[in-house]
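Got your viewer open and a hand on the mouse? Follow along and I'll tell you what to select at each stop and what you'll find there.

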Protein chains: 2
Amino acid sequence: MSLKDKVAIIGVGCTKFGENFNLDYKDMLVDSYTEAMEDAGIEPKDIDAAWLATAFPDMAHFEGNSGSSLAEPLNLYGRPITHVTNYCATGMDAVRNAAMAVASGNARFAYIGGVEKMRDVGPRESLIAQVVKTGHPVVGKGATAPGMFAMLETRYMAKYGVDRTPFAEVSVKNHANGSLNPKAHFGRPVTIEAVLNAPMIAYPLSLYECTPVSDGSASAIITTPEIAKSLKKDYILVKAMSLSIDAGYTPQFDKYNEFLGFKATQNAGVMAYKEAGIKNPHDEIDFAEVHDCFTITEVVNYEDLQFCRRGDGWKFVHEGRSSLQGELPVNPSGGLQSSGHPIGATGVRMVYELVTQLRGKAGKRQVKNARVGLAHNLGGPGSVASVAILARPD
Amino acid sequence: MSLKDKVAIIGVGCTKFGENFNLDYKDMLVDSYTEAMEDAGIEPKDIDAAWLATAFPDMAHFEGNSGSSLAEPLNLYGRPITHVTNYCATGMDAVRNAAMAVASGNARFAYIGGVEKMRDVGPRESLIAQVVKTGHPVVGKGATAPGMFAMLETRYMAKYGVDRTPFAEVSVKNHANGSLNPKAHFGRPVTIEAVLNAPMIAYPLSLYECTPVSDGSASAIITTPEIAKSLKKDYILVKAMSLSIDAGYTPQFDKYNEFLGFKATQNAGVMAYKEAGIKNPHDEIDFAEVHDCFTITEVVNYEDLQFCRRGDGWKFVHEGRSSLQGELPVNPSGGLQSSGHPIGATGVRMVYELVTQLRGKAGKRQVKNARVGLAHNLGGPGSVASVAILARPD
């Protein structure tokens, strides 16, 4: 059970993330698709099958609720197109399903489009409704994503005796990286004072510790390694793709975990490392894009993904080990904190970043000696996690 | 590019479809899952991966919007679960994605759960909103699914010079078949007079020519043919699974088709026949479950799927050729007309029916000499179609 060396990425594209009021859902999909197609150097007729990643079609006038939302703007009729949703792991899961189609011989060339239009609709449309409906005695009282992740941070602070500093340092690091990324939602660095003193969203998470609500689209084109090799030199190999669904923190977190990390991430990591044949993630992964929806999330991701020992995540950022020049750079793109988070696009955007870094084309944010990269998505109430490991073929 | 003989179905389950006010979304999923697991004879720990088919999570309090909605009620944590939506072809597309995972060696046993809870919510919640948003100058004026398919029927009547009779005969046939199916939403036959004189929903479609809005769930468990053979005798082989996205009838139907059938169905049929190696569908398919959301749909399906020549669909039912005792029985289950149509469940329910018929276990509605069966889903504004061809291994 493995995708290792069975799938290659030959084209990636990404729009600028942000408040794209001048671009609608379809415009953004067309833009990232066009960039990916030019990169891949194939024709639309070559695409045998496609997957669409849009997490919340109900938020934006139901665009993205079936394969038709991809077929129409891209004129990709007459072939299979599947729409996948899996909370914030939607993008990566679409890539995973496409990869299995290629690996099973059911598509020579598969296209994955991730897109989410979030800025033209009221934020109360549906995300809140989903949280409220759970019936959990605490969470059901209108708790939002910041509120729920805030509780994770307070527990972490109490358990390990740290203050807000290391979490604020995640924000500083990622905004600094994002200021080097022309496609990031935010283009400016922030100081630690600015983060600590910013308006409080849900204590202890301030405004600069929460991913913004963004519009955006990212695309990828995959094929078999054999075909990739015949087409171009700068293709990238899939070493592993995993997805794990676990209980998350609601409604029964107490039964399943200590609320100091996410079992879904832990499982997805273990599955991916096994598939890729990685024994020591810290030494064998050169850089990572991880799901930093909130600063605390990045810290527990370090631990859940075995970049450091449990309880040492705060040190991992505090000591600069995850910085762009550190021993294991995390979120060179700026992560969700700075790049933004158009939900269905995010996982595909991470693949775009990995491919760009592995090709050595990341410009000012380039990670040195990037040969093996990891991408990680975490979704829903911490219940869905996906991990991809990509590498240069040489 | 083929799934032929690479995937086997070893377990199926289905709830009664209907107004299941006593069962919630999760209850129904548990029921169909339990039946399918007992049929397959495997343990929950054996399931490597799962796919969830729910077309409109926004209609029922967002249940079914990620793999978590399957993991929680079935306690299937720690493995990948993908949520697929593709309008009314959602169920079949979930099976197709699962089949590619098995064929690619990424799952030994895969579970597919289709479920939709539609009776506890107002029907104006979202389906209407989706139609209205298209911006089409005619369709946008509040046209609903019955209204749109009604226009297909009036065009068909004008083109071929037929009255409402053959369409009413589809309803009579399917309700008669459904009266023999203990899991159908409706359990009673209807007369042709009742159909023709029933309240008009959208001329020329009367109440008894429209699929009802139903609750329900259906499940399937698949594996490789080698494993299936080692486990049991009555496994069923996948001969083909196709999906095609085409323009449908809105907003640009005039550019793409004559509005006398659906290009998506035609393409999906051609793709599936090629994959299965079928040259003459009429002679090589023993029976079919096709998407009869409205009576006119079944008639054009006959033509689109090459059961008869273009323009002869109305004769195909009128002459009894698609009846339970006819030359190519269509919708022995009662179809959507009588079985009902909990959207995400329907495609999986068709797989359940095919497997049940191919095993010779369909009781009073058993098709004679059922060795090769076809299932067909049509979704959205006629833009998404899926075809599965299943057969006995012997």
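Start by selecting helix α10 of chain A, residues 263-276. This is a predicted model, so treat what you see here as a prediction. Colour the buried residues of α10(A): they are Ala264(A), Thr265(A), Ala268(A), Gly269(A), Ala272(A), Tyr273(A), Glu275(A) and Ala276(A). Now turn the view until you look down the axis of α10(A). The buried residues fall within an arc of 160°, so they line one face of the helix. Here's the general idea behind that: an α-helix has 3.6 residues a turn, so residues three or four places apart point the same way.

What lies over that face? Show β8 (236-245), α11 (281-284), α12 (295-304), β10 (372-379) and β11 (384-391) of chain A, which are among the parts covering the buried residues of α10(A). While you're here, check the length of the helix. The 14 residues of α10(A) reach 20 Å from first C-alpha to last, close to the 20 Å expected at 1.5 Å a residue. Step just past the end and click Gly277(A), which takes a positive phi of about 75°.

Next, stay in chain A and pick helix α3, residues 90-103. Its 14 residues should span 20 Å at 1.5 Å a residue, and its end C-alpha atoms are 20 Å apart, which agrees. How many residues of α3(A) are buried? The count is 13 of its 14, so call α3(A) mostly covered. Following this helix is Gly105(A), with a positive phi near 80°.

Hop over to chain B and select helix α15, residues 343-358. α15(B) has 16 residues and reaches 24 Å between its first and last C-alpha, close to the 22 Å expected at 1.5 Å a residue. Try finding an exposed spot on α15(B) and you'll be out of luck, with 16 of its 16 residues buried. After α15(B) comes Gly360(B), another residue with a positive phi, near 75°.

Time for some backbone oddities. Most residues other than glycine have a negative phi, and most peptide bonds are trans. Keep that in mind for the next few clicks.

Select Tyr203(A) and Pro204(A): the peptide bond from one to the other is cis, with omega near 5°. Pro204(A) sits in the loop between β5 (200-202) and β6 (205-206) of chain A. Now do it in chain B, where the bond from Tyr203(B) to Pro204(B) is cis too, with omega near 5°. Pro204(B) is in the loop between β5 (200-202) and β6 (205-206) of chain B.

For odd phi angles, go to Asp5(A), in the segment before β1 (8-14) of chain A. Asp5(A) isn't a glycine, but its phi is positive, at about 60°. Asp5(A) is partly exposed, with a relative accessible area of 34%. Then jump to Tyr87(B), in the loop between β3 and α3 (90-103) of chain B. Tyr87(B) has a positive phi of about 50° although it isn't a glycine either. Is Tyr87(B) buried or exposed? With a relative accessible area of 16%, Tyr87(B) is buried.

Two more loop residues are worth a click in chain B. Zoom in on Asp312(B), in the loop between α12 (295-304) and α13 (313-318). Asp312(B) is buried, at 15% relative accessible area. Leaving out residues up to four places away in sequence, Asp312(B) touches Tyr156(B) and Glu303(B). Draw a line from its C-alpha to that of Val300(B), 12 residues away along the chain, and you should get 9.1 Å.

Then select Val190(B), in the loop between α6 (165-178) and α7 (192-197) of chain B. Val190(B) counts as buried at 16% relative accessibility. Beyond its neighbours within four places in sequence, Val190(B) is in contact with Ser171(B), Val172(B), His175(B), Val195(B) and Tyr208(B).

Last stop: the holes inside. The structure holds four cavities of 30 Å³ or more, and the largest has a volume of about 130 Å³. β3 (81-85) of chain A and β3 (81-85) of chain B are the elements giving two or more residues to the lining of the largest cavity. To find its centre, select Pro57(A), Asp58(A), Ala55(B), Pro57(B) and Asp58(B), which lie nearest to it among the 17 lining residues. Colour the lining by type and you'll see eight nonpolar, seven polar and two charged residues.

Key. Residues numbered from 1 in each chain as written. Chains lettered and ligands numbered in written order. Predicted model: local features only at pLDDT ≥ 70, side-chain atom pairs only at ≥ 80, totals over all residues. Heavy atoms only, no water. 1 Å grid on protein atoms, 1.4 Å probe; cavity = no way out; pocket = protein on both sides within 12 Å on 5 of 7 lines; lining within 4 Å. Points joined across faces, edges and corners; volume = space filled by probe spheres on them. Helix = DSSP H or I, 4+ residues; strand = E, 2+ residues; numbered from the N terminus. Nonpolar A, V, L, I, M, F, W, Y, C, P; charged D, E, K, R; others polar. Expected span 1.5 Å × (residues − 1). Buried < 20%, exposed > 50% of the residue type's maximum accessible area, 1.4 Å probe, protein only. Arc of directions from axis to C-beta. Contact = heavy atoms within 4.5 Å.
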